[in-house]
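Here is a short tour of how some helices pack in one protein chain. Have the sequence and the model at hand, and follow along residue by residue.

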Amino acid sequence: MEKNVIEYFEKIYAADEEFRKETDALDFEYQIIRAILNARQAKNITQKQLAELSGINQADISKLERGNANPSVKTLKRLASALDMTLKIEFQPIAH
């Protein structure tokens, strides 16, 4: 019997290839969400302020931060610029 949710997750992740693929696919989206949130919070601004700086509707920023929308590269570039940051996208080898 698993002791906690993390152990349960790890057990399923290790045993179920389909679950692993779906989880890994979502990890990328989660990284984008975290990057937007972390950058906005580091700058200590609200979604409304980021909307004003970027020209992106506050409701759309909220959707991005909740994972209910997928940003285009153009949107990510606008957000990065508004946050005084650069956008870096890179390809990395898959660890086997």
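Which residues does Leu53 touch, not counting residues up to four places away in sequence? They are Lys43, Ile45 and Ala82. Please keep in mind that this is a predicted model.

**Where α3 meets α5**

Leu53 lies in helix α3, and its link to Ala82 is a good way into the fold. Leu53 and Ala82 are 29 residues apart along the chain, yet their C-alpha atoms are separated by 5.3 Å. The helices involved are α3, residues 47-54, and α5, residues 73-82. Their axes come within 9 Å and cross at roughly 105°. With angles from 65 to 115 degrees counted as roughly perpendicular, α3 and α5 are therefore roughly perpendicular to each other. On the α3 side, the contact is made by Leu50, Leu53 and Ser54, while α5 contributes Arg78, Leu79 and Ala82. Sorted by class, these are four nonpolar residues, one polar and one charged.

Ser54 deserves a look of its own. This residue of helix α3 has a relative accessible area of 11% and is therefore buried, since the cut-off for buried is under 20%. Its side chain reaches the backbone nitrogen of Ile56 at 3.2 Å. Leaving aside neighbours within four places in sequence, Ser54 is in contact with Arg78, Leu79 and Ala82, and also with Ile61.

**Helix α5, inside and out**

Which residues of α5 are buried? They are Thr75, Leu76, Leu79, Ala80 and Ala82. Viewed down the axis of α5, these buried residues fall within an arc of 165°, so they line one face of the helix. The cover over them includes α2, α3 and α4. On the face turned away from this buried side, α5 carries the exposed residues Lys74, Lys77 and Ser81.

**Helix α4 and its buried face**

Helix α4 spans residues 58-66, and its buried residues are Ile61, Ser62, Leu64 and Glu65. Looking down the axis of α4, you will find them within an arc of 160°, so they line one face of the helix. They pack against α2 (17-42), α3 and α5.

Both ends of α4 have something to show. At the N-terminal end, Asn57 acts as a cap, with a side-chain oxygen 2.7 Å from the backbone nitrogen of Ala59. Just after the helix comes Gly67, which takes a positive phi of about 80°.

How does a charged residue fit into the buried face of this helix? Glu65 of α4 has a relative accessible area of 9% and is therefore buried. Its side chain makes a polar contact with the side chain of Arg40, at 2.7 Å. Beyond its neighbours within four places in sequence, Glu65 is in contact with Ile33, Ile36, Leu37, Arg40 and Gln47.

**Exposed residues in the loop and the tail**

What sign does phi take at Asn44, which is not a glycine? The value is positive, about 60°. As background, most residues other than glycine have a negative phi. Asn44 sits in the loop between α2 and α3. Asp84 also has a positive phi, near 55°, and is a residue other than glycine. You can find Asp84 in the segment after α5.

Ala95 is found in the segment after α5 as well. The C-alpha atoms of Ala95 and Asn38 are separated by 26 Å, with their positions 57 residues apart along the chain counted as sequence separation.

The table gathers the relative accessibility of the exposed residues just named.

| Residue | Relative accessibility | State |
|---|---|---|
| Asn44 | 69% | exposed |
| Asp84 | 62% | exposed |
| Ala95 | 75% | exposed |

**Putting it together**

To retrace the path on your screen, start at Leu53 and step across to Ala82, with their C-alpha atoms 5.3 Å apart. Then turn to the buried residues of α4, which pack against α2, α3 and α5. Finish with the side chains of Glu65 and Arg40, joined by a polar contact of 2.7 Å.

Technical notes:
Residues numbered from 1 in each chain as written. Predicted model: local features only at pLDDT ≥ 70, side-chain atom pairs only at ≥ 80, totals over all residues. Heavy atoms only, no water. Axes fitted to C-alpha atoms, helices over the stretch in contact; angles between N-to-C directions. Helix = DSSP H or I, 4+ residues; strand = E, 2+ residues; numbered from the N terminus. Parallel < 35°, antiparallel > 145°, perpendicular 65-115°, else oblique. Contact = heavy atoms within 4.5 Å. Nonpolar A, V, L, I, M, F, W, Y, C, P; charged D, E, K, R; others polar. Buried < 20%, exposed > 50% of the residue type's maximum accessible area, 1.4 Å probe, protein only. Arc of directions from axis to C-beta. Polar contact = N/O pair within 3.5 Å; in protein donor to acceptor, adjacent residues only side chain to side chain.
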